[in-house]
Amino acid sequence: MKKNLLLLVLTICASFTLSAQVTIDPSPVSVDNITAADTDVPAHSTMTNNATEERTYLWERHVMSITDGWESAVCDKNNCYFPGVGSKEVTLAADEEGTMDIHVYPNGFEGAAVIMM
């Protein structure tokens, strides 16, 4: 049994990249070799407002699949949120970049997660 072969696939795309006003890089993000002993596994991305003016965007976390016992949470440019927070607005100035990270917490369990932003 391979306890250190866990997989987290994060797809950060959907409505963000459709508008071309904002980009996420990299997208998708994939993190592997997660172990049950890991306490916090981040998948790092950067969100960029490509518009010529300040814009407010709404991000939503959609957990497509996740192992029972695992939790996930999001950090944007403003804050890192508790696992119960599934959406927030974030404002970016023209050409501003900001953090758009997803964290998983395996809580001692083997498993995997697929999370879409």
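Me: How many salt bridges does the count come to?
Reply: The general idea is to look for a side-chain nitrogen of Lys or Arg within 4 Å of a carboxyl oxygen of Asp or Glu. This is a predicted model, and here the count comes to two salt bridges. In one of them, the side chains of Glu53 and Arg55 meet at 2.4 Å, N to O. Lys77 and Glu96 form a salt bridge too, with their closest N and O atoms 3.0 Å apart. That pair links distant parts of the chain: Lys77 sits in the loop between S8 and S9, Glu96 in the loop between S9 and strand S10 (97-105), 19 residues apart.

Me: Is Glu53 buried or exposed, or something in between?
Reply: Buried means under 20% relative accessible area and exposed means over 50%. Glu53 has 36%, so it is partly exposed. Arg55 is partly exposed as well, at 28%. For the other bridge, Lys77 comes out at 33% and Glu96 at 24%, so Lys77 and Glu96 are partly exposed.

Me: Which residues form an aromatic pair, and how is that pair arranged?
Reply: Check the ring centres, then the angle between the planes: under 30 degrees is stacked, over 60 is edge-to-face and the rest is tilted. The structure holds one such pair. Trp59 and Tyr81 are 5.7 Å centre to centre with 55° between the planes, hence tilted. Trp59 lies in strand S6 (residues 55-60), and Tyr81 in the loop between strand S8 (71-76) and strand S9 (87-92), 22 residues apart. Both Trp59 and Tyr81 are buried.

Me: What helices and strands are in the protein chain?
Reply: Count one helix and eleven strands. Along the sequence, the pattern is β-α-β-β-β-β-β-β-β-β-β-β.

Conventions. Residues numbered from 1 in each chain as written. Predicted model: local features only at pLDDT ≥ 70, side-chain atom pairs only at ≥ 80, totals over all residues. Heavy atoms only, no water. Phe/Tyr/Trp six-rings, centres within 6.5 Å; stacked < 30°, edge-to-face > 60°. Helix = DSSP H or I, 4+ residues; strand = E, 2+ residues; numbered from the N terminus. Buried < 20%, exposed > 50% of the residue type's maximum accessible area, 1.4 Å probe, protein only.
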